Amino acid sequence: MEKRVTFKGIWLPLLLVLPQIAITAVFFFYPAGQAIWQSLFIPDPFGLSMQYVGLGNFEFLFSDPFYRASFLTTAIFSILVTVVSMGIALYLAVLADRLIKGSGVYRTLLIWPYAVAPAVAGVLWLFMFNTRVGVVTWYLGLLGYDWNHVLNGEEAMGLVVVASAWGRISYNFLFFLAGLQAIPKSVIEAAAIDGAHFWTRFRTIVFPLLSPTTFFLLVVNIVYAFFETFGVIHTITSGGPQQSTTILVYKVYSDGFVGQDLGSSAAQSVVLLVIVGLLTIVQFKFIERRVHY
Amino acid sequence: MTYKQLMLASAIPLTIAGPLAAQTEIEFWHAFTGRLGELVAEQVDTFNASQSDYTVTATHKGNYSETLNAGIAAFRAGEQPDILMVFEVGTATMMAASGAIKPVYEVMADSGATFDQDAYIGSVKGYYTSSDGNMLSLPFNSSTPVLWVNRDALSEAGIDPDVDLSTWEQVGEVLTQLKDAGSSCPMTTAWQSWIHLENFSAYHDTPFATQANGFSGVDTELALNGPAQVAHISAMGEWAQDGKFIYAGRRNEGGANFRGGECALFTESSAGYAGIKAEAEFDFEVRPLPYWSAVADEPQNTIIGGASLWVMEGQTDEEYKGVAAFLNFLSSPEIQAKWHQDTGYLPITSAAADLTREQGFYDENPGTDVAVIQMTAKAPTDNSKGLRLGSFDQIRGIIDEELEAVWAGDKSAQEALDSAAERGNGLLRRFEQANR
């Protein structure tokens, strides 16, 4: 079935992939190599001297209980952000897909939050949930709930998850909606005639046919939660209270750019590199098998 | 137009402006925005207009951390500015980088400028001097913590607004009275580590770290878990549990609650003056920071926070002359007195403080001299000269985390401070290793 285009010789294909390889080399292999090299040293911030410590940076990292806890924090955070943003996006997409009148307006409104930068989204949510002057905090106070994410780790985690997922819902919504519209109506109609209810149709036809989109979004969202939520965490909690929202990427930043500890920061980048590599392998080896293209 | 033509065209105005180009340009990177940014720009403009040899170009490079990072990155690329503003916690980092900075006293000596180090207030410059007493950087904006009081809130709770609040014992009683009278926020604070541990230690003449708070060597260890500090944090923890001390955040988040009139007492920098004066719709007052009479018979001095100006290595002699002229200009009594009165930051020279007094500023704005008196009443000791710790920004982060655990009731003061010391020491050892 598969069509294969074959080139004669090796030079043309090489030339065609060269730009991509060059970009990967300059923007990925070179910095990644540098990070691995730097992780073996403790340099001073100004680059005046370097102390070779072998794997000392890694020993220092893994002997820190807060760093080990940060793995769990990252896992909880990423899973929550992915599940919340994809779940709500799918729900909205299914609703929007059934809409006949005014769907354009509705869709545009749903896509809007995507245009908001993570740091700005963080500030917006922070205003609403500010422990002393926030609107939501005030309403919660009327209901008898004392919201204080400054001291309560679970509330802080909840807030950064919501703020991170919020902008992401739009992005996921777009893809889900496109995926839903690509499903032939005839299939669904046939099932409807056979007496399948909405939920049955969704479970047995729509969701399986949507699996390539879902898989793609799963990969993209986990990467997002890992790397791009930095702005939200920085503005809302700065990793606190008591490091309950310090995800791995945030720690790379705070050790490297606040603490000027470039050795430890480089070692953490290497650890992240390994984790993301493993995650990608797992996703493509095990989850992609269940995807129907 | 081709690129070459464009280059030629843009070069013409430069040639015409020949005499101007002979001015030596001094690059100055700072971290101020808003009102403070305007005031810095004003100082620079005044300097540029006052002479024709040098032009200072001031550039905003983000907040304190970002400005330091920008300076470090620029140094690594060989593009460093002449003057870099660095906040006080970055002091040890800058001092350790002897190949990257040129000490201010050297800059002054080499350029032949007049420079009297004794003219600077001891407890202000002390933070930035070497162990043999030479100034390494020029203090720029320095403040110290004081107790802000909402007099109306005290009256409403049936407390005499002139009540003595000089000791924490007395403050504790007032907090109880406020709470009993239904206050939702008897006390809050800004910068908890700076005020309630760093300054607390200096004020009670107790070490915050060994090796004279890091002044004598990088092999320093945190001593912030001593009995005095534990007693204070423990009392604060109890107040937090009882709703007498309301924790609002790590930075100056609590300021909004005080300025809005919700909180009766507020421990915050003296530089909070401008904001409080502008916003508070109640009768407020500045009091000296309280001390525990059980720990000390009378308080030592408090230490400063803020930033200083560091001169970077690798510039021409001509530029260093300009830098020296600019730093001397900034230290002059008129400029300093204006800065002190506009911002609430401390004057860096005694002459500027005297000038401010002569101008009648302290009489017109009662309480604005509390910070100056608190800083200068006693000669600083090894425990109250300042702090010089590597990775200090991160150590403050650790302290913040541990204090939050106390306020939330998760840890006792002893546990939290022991843990803070242990974790902080790990970072100090790494800093020692990086700067061997």
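**Chain B: confidence, a helix crossing and the contact with chain A**

In this predicted model, chain B has a mean pLDDT (the predictor's confidence in each residue, from 0 to 100) of 91, with 95% of its residues at 70 or more. The weak spot is residues 6-20 of chain B, where pLDDT is below 50 and the stretch has two contacts beyond near neighbours in sequence; a contact here is a pair of residues whose C-beta atoms, placed from the backbone, lie within 7 Å. Where pLDDT is low, the predicted coordinates shouldn't be read in detail. For the complex, the predictor reports an ipTM of 0.77 and a pTM of 0.84.

Local features need pLDDT of at least 70, side-chain atom pairs count only at 80 or more, and totals for chains, interfaces and linings use all residues. Residues are numbered from 1 along each chain as its sequence is written, and chains are lettered from A in the order in which they are written.

Now to the chain contact: chain B puts in 30 residues and chain A 24. On the chain B side, H4 (64-76), H5 (91-96), H13 (254-259), H20 and H21 (413-434) each supply at least two residues; helices are DSSP runs (H or I, at least four residues), numbered from the N terminus. H20(B) gives the largest share, eight residues.

H20 (392-407) of chain B also packs against H10 (192-203) of chain B, at about 90° and with axes 10 Å apart. That makes H10(B) roughly perpendicular to H20(B) (65 to 115 degrees). Gln192(B), Ser193(B) and Leu197(B) of H10(B) meet Arg396(B), Ile399(B), Asp400(B) and Leu403(B) of H20(B).

Notes. Axes fitted to C-alpha atoms, helices over the stretch in contact; angles between N-to-C directions. Parallel < 35°, antiparallel > 145°, perpendicular 65-115°, else oblique.
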